[in-house]
Amino acid sequence: MIQLNLEFFPSVLLFVLPFLFLFIKAFSTAIKKSSASSQNNKLPRVYPIVGSSFSIAKNHERFNQWATELLQNSPNGNILLYRPLGHSQLITTNPSNVEHILKTQFYKYPKGEFFRDTLSDFLGDGIFNADTDKWKFQRQMSSHEFSTKSLRKFIETVVEDELSGRLFPLLSSAAANNTVFDLQDILQRFAFDNICKIAFGFDPECLSPSFPQPVSDFAEAFEDATNLSTARFNSIFPPLWKLKRALNIGSERRLREAISTVKEYAINLVRKKKKELELGTLQSEDLLSKFLSSGHSDERFVTDIVISFIVAGRDTTSAALTWFFWLVSNNFRVEEEILKEIKEKPEALDYDEVKHVVYIHASLCESMRLYPPVPIDTKFSTEEDVLPDGTFVKKGVIVTYMPYAMGRTEAIWGKDWPEFRPERWLEKDEAASGKWKFVGKDSYSYPVFQAGPRVCLGKEMAFLQMQRLVAGIMRQYRVVTAEKGFDPFFTSYLSSKMKGGFPVRVERRV
C-alpha cells in the first residue's frame with residue numbers, strides 16, 4: 001500500500017495542476033518535432049512552457065558531450081539553454097567569465113535556491129549545499145581543520161593502511177589468478193573506505209583483500225541517494241519530482257529510503273562519538289571527532305557537513321583514477337615515462353617523496369582535463385550583471401561553467417587538445433640537470449577543483465593520495481583493458497563515472 005506524505009502535497013498540487021494540461025499538450029505536439037539535436041550542432045528548439053526540455057531530456061545521459069559540441073561551435077564560448085517555466089541556463093567556457101563568477105563577483109553567484117532545494121533532502125545545510133553565512137561558517141571551521149598537521153598525518157595513515165592491507169593484496173590475488181574485475185568499482189570501494197574513516201572514523205569495509213567483494217548497506221544507500229538526488233536535475237518538468245516526493249512514490253520513495261539509511265548510520269555514529277566525548281574516551285583524529293571536540297554538538301549540523309565531505313571525497317578521486325588508468329593503458333609512451341620516474345624513487349615511497357613524482361602529477365592533471373571528476377558546476381545570479389566578455393546576465397539565471405567542455409576548448413589548450421599529453425604541464429628545469437618541473441595552469445582555465453573562495457579544501461591531499469596509489473600500483477603491476485577495443489562512455493551524476501565500469505586484468509611486472 002502506498003504511504004502518502006502530505007507535508008508538501010497541497011502546495012505542490014496547486015502549483016502543478018495549472019501547468020499540467022498545457023505541459024501534456026506541448027509534449028504531444030513537440031516530441032515529434034524534437035529533432036535529433038545530439039546529432040548536429042544547432043541550438044535546440046525552444047517551445048512554450050517547456051523551453052528546450054525535450055532536447056535536454058533526450059541528451060541527458062550525454063549532456064556533457066552534447067553541450068560541449070554546442071559550446072565548441074559557439075563564437076564566444078557561451079550557450080543559453082531554455083528550461084521549463086521561463087527559466088534559462090547560461091553555460092560558459094570563457095576563463096574570464098569563470099573568474100568573474102567564482103571570484104570577482106563571488107557573492108552575486110551563490111549555489112542558489114534551485115540547487116539547494118534539489119539536493120537539500122540528502123545534503124541538508126552541509127558545506128557543499130550551503131550559501132551565505134552558513135557556508136562561510138563551515139568553510140572557516142573546515143579550513144582550520146584541513147590545515148592541521150594531525151589531520152594530514154591521519155589521512156596518510158588511513159590511506160597507507162587501505163593500500164597495504166586491502167588494495168595491494170587484492171591486486172596480487174587478481175594477478176596470480178588472471179582475474180577480470182571492474183577497476184572502477186574497486187577504486188570506488190577504496191575511496192569510500194578512506195573517506196568514511198577520515199570523515200566519521202568509521203570503516204565500512206567496502207573493499208576486501210580478496211574476491212568476491214562484500215555488500216555494504218551503507219555504501220549502497222549512499223550510491224542510491226547520490227544518483228537519485230542528481231536525477232532530479234534531469235526532470236523535464238521539475239514540479240513533477242516534488243509531486244512524487246509528496247506522494248512518496250517511484251524514485252522519490254526509493255530516495256527517501258536511501259537517505260533514511262544514510263542518515264540513520266550517520267546519526268548513530270554522531271551519538272556514539274558524543275557519548276565517547278562525555279566519557280573522555282574520544283579519539284579526535286577524524287573530522288567528526290574534531291568538530292565535536294571543538295564544541296559543535298548539534299547532530300543535524302555535524303551530520304550534514306560530514307555527509308558533504310563524503311560526497312566530495314567518495315567518487316572524485318576514484319573517477320579521476322579510473323580515467324587515468326584507462327588513458328595510460330592506451331598510451332605506452334606515457335606509461336614508460338611514469339615507470340622511469342617511479343624507478344628513480346625509493347620503493348617505500350613516503351608522502352614527502354610523493355610530492356616529487358612530477359610526471360605522475362602532470363599525467364593526473366592531464367587526465368582530469370579530459371575527464372574531470374566534476375564536469376559541470378552551477379551557480380545562480382542574484383542580480384543583473386555583465387560578464388567580462390560582454391554577455392548580459394539577467395537576475396535569476398542559472399549560470400554554469402563546464403570543466404569538461406573547457407578541457408576540450410581549442411582557445412585554452414590549442415589544436416592538440418584531444419591528445420593525452422602530460423608534457424603540456426611540464427617544462428625542463430635546466431638548473432636541475434634538465435629534469436621535469438611541474439608548471440600549473442591558472443585555476444580559471446582549469447577549474448577542476450573549483451576556484452576562488454570555494455576552491456577545494458582537499459586538493460593537495462587528493463593529489464598526494466592519487467600519486468601514492470599510482471606509484472604503488474604501477475611499480476608492481478600493469479593495468480590491461482580486458483575487452484579488446486573497449487570504448488568507455490563518460491557520464492556523470494554529482495561526479496563523473498565510466499558507464500558500465502572498467503573491466504581490467506593486472507599483470508605483475510618483472
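**Exercise 1. A serine in a loop**

Where is the place of S381? Find its loop in this predicted model, then work out whether S381 is buried or exposed.

*Solution.*
Step 1: Follow the chain past strand β4. S381 sits in the loop that links β4 to β5 (385-386).
Step 2: Look at the accessible area. A residue counts as buried under 20% relative accessible area. The value for S381 is 0%, so S381 is buried.
Step 3: Look for its company, setting aside neighbours within four places in sequence. S381 touches K108, Y109, V393, K394, K395, G396, V397 and V399.
Step 4: Zoom in on the side chain of S381, which reaches the backbone oxygen of K394 at 2.7 Å.

**Exercise 2. Building a sheet**

In what order do the four strands of the open sheet stand? Describe how β2 pairs with β1 and with β7.

*Solution.*
Step 1: Read across the sheet. The order is β1-β2-β7-β4, and the pairing is mixed.
Step 2: Find the edges. β1 (78-82) and β4 (377-380) each have a single partner strand, so one side of each has no neighbour in the sheet.
Step 3: From one strand to the next, the twist averages 25°.
Step 4: Take β1 with β2. These two strands are antiparallel and share five bridges, with N78 opposite T92 in β2. Five residues lie between the two strands of this hairpin, and L85 in the turn has a positive phi of about 60°.
Step 5: Now take β2 (residues 88-92) with β7 (residues 398-401). This pair is parallel, with four bridges; L90 has V399 in β7 as its bridge partner.
Step 6: Add the helix. α4 (residues 95-104) lies across β1, β2, β4 and β7, and runs at about 120° to β7.

**Exercise 3. Two helices that cross**

At roughly what angle do the axes of α9 and α13 cross? Decide which word describes that angle, and list the residues that meet.

*Solution.*
Step 1: Locate α9 (residues 217-231) and α13 (residues 299-314). Their axes come within 12 Å and cross at roughly 85°.
Step 2: Angles from 65 to 115 degrees count as roughly perpendicular. The two helices, α9 and α13, are therefore roughly perpendicular to each other.
Step 3: Name the residues. From α9 come A219, F222, E223 and T226; from α13 come I307, I310, V311 and R314.
Step 4: Sort them by class: five are nonpolar, one is polar and two are charged.
Step 5: Check the spacing along a helix. An α-helix has 3.6 residues a turn, so residues three or four places apart point the same way.
Step 6: Compare with E220, which also belongs to α9. With a relative accessible area of 44%, E220 is partly exposed.

**Exercise 4. Unusual backbone angles**

Which peptide bond is cis, with omega near -5°? Then look at the phi angles of E205 and N248.

*Solution.*
Step 1: Start from the general pattern. Most residues other than glycine have a negative phi, and most peptide bonds are trans.
Step 2: The cis bond runs from F211 to P212. P212 is in the loop between α8 (183-200) and α9.
Step 3: E205 lies in the loop between α8 and α9, and its phi is positive, near 55°.
Step 4: N248 follows α10, in the loop between α10 and α11 (250-279). Its phi is about 55°, a positive value, although N248 is not a glycine.
Step 5: N248 is buried, with a relative accessible area of 9%. In α10 (residues 239-247), the buried residues are P239, W241, L243, R245 and A246.

How values were computed:
Residues are numbered from 1 along each chain as its sequence is written. This is a predicted model: local features need pLDDT of at least 70, side-chain atom pairs count only at pLDDT 80 or more; totals for chains, interfaces and linings use all residues. Side-chain values use heavy atoms; hydrogens and water are left out. Axes are lines fitted to C-alpha atoms, for helices over the stretch in contact, and angles run from 0 to 180 degrees between N-to-C directions. Angles under 35 degrees count as roughly parallel, over 145 as roughly antiparallel, 65 to 115 as roughly perpendicular and the rest as oblique. Contact means heavy atoms within 4.5 Å. Ala, Val, Leu, Ile, Met, Phe, Trp, Tyr, Cys and Pro count as nonpolar, Asp, Glu, Lys and Arg as charged, and the others, Gly among them, as polar. Two strands pair if DSSP finds at least two bridges between them. Buried means under 20% relative accessible area, exposed over 50%, partly exposed in between (1.4 Å probe, protein chains only). A polar contact is a pair of N or O atoms within 3.5 Å; within protein, one must be able to donate a hydrogen and the other to accept it, and residues adjacent in sequence count only if both atoms are side-chain atoms.
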